[in-house]
Amino acid sequence: MAFIAILSITILGSAEELGMEGGISTSISDSGSIQGISAADNAGAISQASSNGVVDEFIKDIRLDLDNKCTIDSAVEIERGTIDVYSETTKLTELGARTTSNLLADGSSVSIALSGLKGSNKATQIAGVGNGAITSVLGLDVGDSISAYQKTAIEGDQGFMGSNALTETNNMIVDGGFSGKGELSTELTAVADGQASMSGSVSMNGDTLIDSEGLQYVASNPIGVSTQGIFEDKNEDIGLFGLEATNVQSRTDAISTGEVWPGYRLMGIRWPYNPGVTQYVSYNSVPSYLPSKYGVWNEIVKARYTWQSATNEYTVGGTYWQFWTPGSYSYNNRDGWNTQTWTTLLGGSAIGLTRTWYSTSSPYVVGRDGTSYYTILESDIWYNANKGWRIDSWEDPNVHSTYDVRTIATHELGHTYGLSDLYAPGYWNQVMYAYNWGNCKWYLRSGDVRGLQRMYW
Ligand SMILES: [Zn+2]
C-alpha cells in the first residue's frame, strides 16, 4: 500500500459541488476547462458519466447503492492535466450490475478506482500515475460473486496499481508501483466468490513481476511473495519498483506491512531466526569477464557480514556455491534454496531484484520490537547479466558505467532480511535508498542498522 500515498490528492476549496440523484457527486475546480455529462437513475441503476478537458484539479466519486444489496464505488482524480473518462453502470438483473470505466489521462497526478461490495464479498481495482500518462479500462461485475478487472498501461515518473478480492475465508491483495521514469502494465481479474482469487499479470518495463501461475499459487496458499528491484530509468537515473502479492486466510491483514520509520522502512516480514540465512551463489551464472568467481563469492560474503555483524548472531548461516544449473528466472522458482543468480532473462532496464516468499499463517514470528511479522520462507536475488558488473577495491563514491557487485548485493540483501526501499531524498545515504549511478555503498548507515535491529537481536 506504500505507493498509494505518492498520489494523494486534495480538492481545491473553490470546488463547485454538483449533487446528482442516484449518488453521483462531482466536484470540479473552476480553474480548468472541462466538459462532462452525468446521468443517474438509482432505482433503475443506470449511471453514465463522461468528462474530458484540461484541468487543474478534478475529482469525481460515484457511489451507487443498488437496492441496498450491493454498493459500487468508482472514483477518478486528476491534478493538472488532460482527462477523458467515461463510465457506465447498467443493472442487468435483480441481482446484478455491470460497470465499466475507460480512462485516458495525462497529468501530474492521476488515479482511478473501481470497487464492488456485496454481503461479505468485495473486489477492487486501482491504478494511478504521477507526472505521466495512463490508459486504463476497469470493469466490475456484481452478481452472486464479484469480479473486478483492470487493464492498465502507465508511463511516468511514478505509478501504482492495486487489486483486491475479499471474502469470508481469505483476503488476496496485489499491490505494486514504481518510482523513476518507467512503464508499468497490468491486466488483472480479482474474483470474490466462495474464495478470493486473482489471475492475470503485472510487468515493469517489460519484465514480468507476476503471472497467472504465480497468482494462482499465492491464491491457493497462505502465502505472500514480494519482488523489489532497481532499474535504470529513462532519465538515466536509477528507479525502484516493487510488487507484493499476499493471501491472508482471514478477512483482515494481520501484519502491518510497509511501516515507515526515520531512516528505514519495514516490509512486515522477517526470518524465523536471526539473519543467519544460508545462501547459495550460482557458480555457473557468474559473468566470465569478472576477475574470478571466488572474488564474486567473496564480495557477496562481505555484503552478508555487513548485515549480520549488526546483530548478535553473525556467525550463523553461510554463503555457499550452487554448482548445478539454477532455476531460470521465472515467478515460480521457489525451490527451497536461497539463491543469488546472474540471469540474461531480465530485460533491458532491471539491474537487480529480490524475490521473497513468506508465510501469512500464524504463528507469526515475533521481532525484537515485540511486533508480529510474517515468516520469510525463501529469498532469491537476481542480477541482470546483461549489465556490466565489476568488483571495486574501496567504497568508491565516483560514478561508473558498471555496477559494483558488493554494493548491489548489500542493498538486495536488505530486502532479503525484511527491509524496504527508501524514497525520501533525505535518506539518500542509506543502503536501502537505491540511488546508485555505479558508485559504491558497502557499509550500513544508521537507518539501515536501526531497521535491522528493530526486527532482529
Ligand atoms: Zn531495493
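Student: What should helix α2 span, and how far apart are its end C-alpha atoms?

Tutor: The expected span of a helix is 1.5 Å times one less than its number of residues. Helix α2 (residues 293-308) has 16 residues and should span 22 Å, and its end C-alpha atoms are 23 Å apart, which agrees. Helices (H or I, at least four residues) and strands (E, at least two) are DSSP runs, numbered from the N terminus. Bear in mind that this is a predicted model: local features need pLDDT of at least 70, side-chain atom pairs count only at pLDDT 80 or more, and totals for chains, interfaces and linings use all residues. Residues are numbered from 1 along each chain as its sequence is written.

Student: Which residues of α2 are buried?

Tutor: A residue is buried if 20 or more other C-beta atoms, placed from the backbone, lie within 10 Å of its own, exposed if 12 or fewer, and partly exposed in between. In α2 the buried residues include V296, I300, A303 and W307. The buried residues of α2 pack against β17, β18, β19, α3 and α4, where a contact means C-beta atoms, placed from the backbone, within 7 Å.

Student: And where do the buried residues of α4 lie around its axis?

Tutor: An α-helix has 3.6 residues a turn, so residues three or four places apart point the same way. In α4, the buried residues are G447, D448, G451, L452 and M455. They cover an arc of only 130° around the axis, which puts them on the same side of α4; the arc is that of the directions from the helix axis to the C-beta atoms. Their cover includes α2, α3 and β22.

Notes. Contact = placed C-beta atoms within 7 Å.
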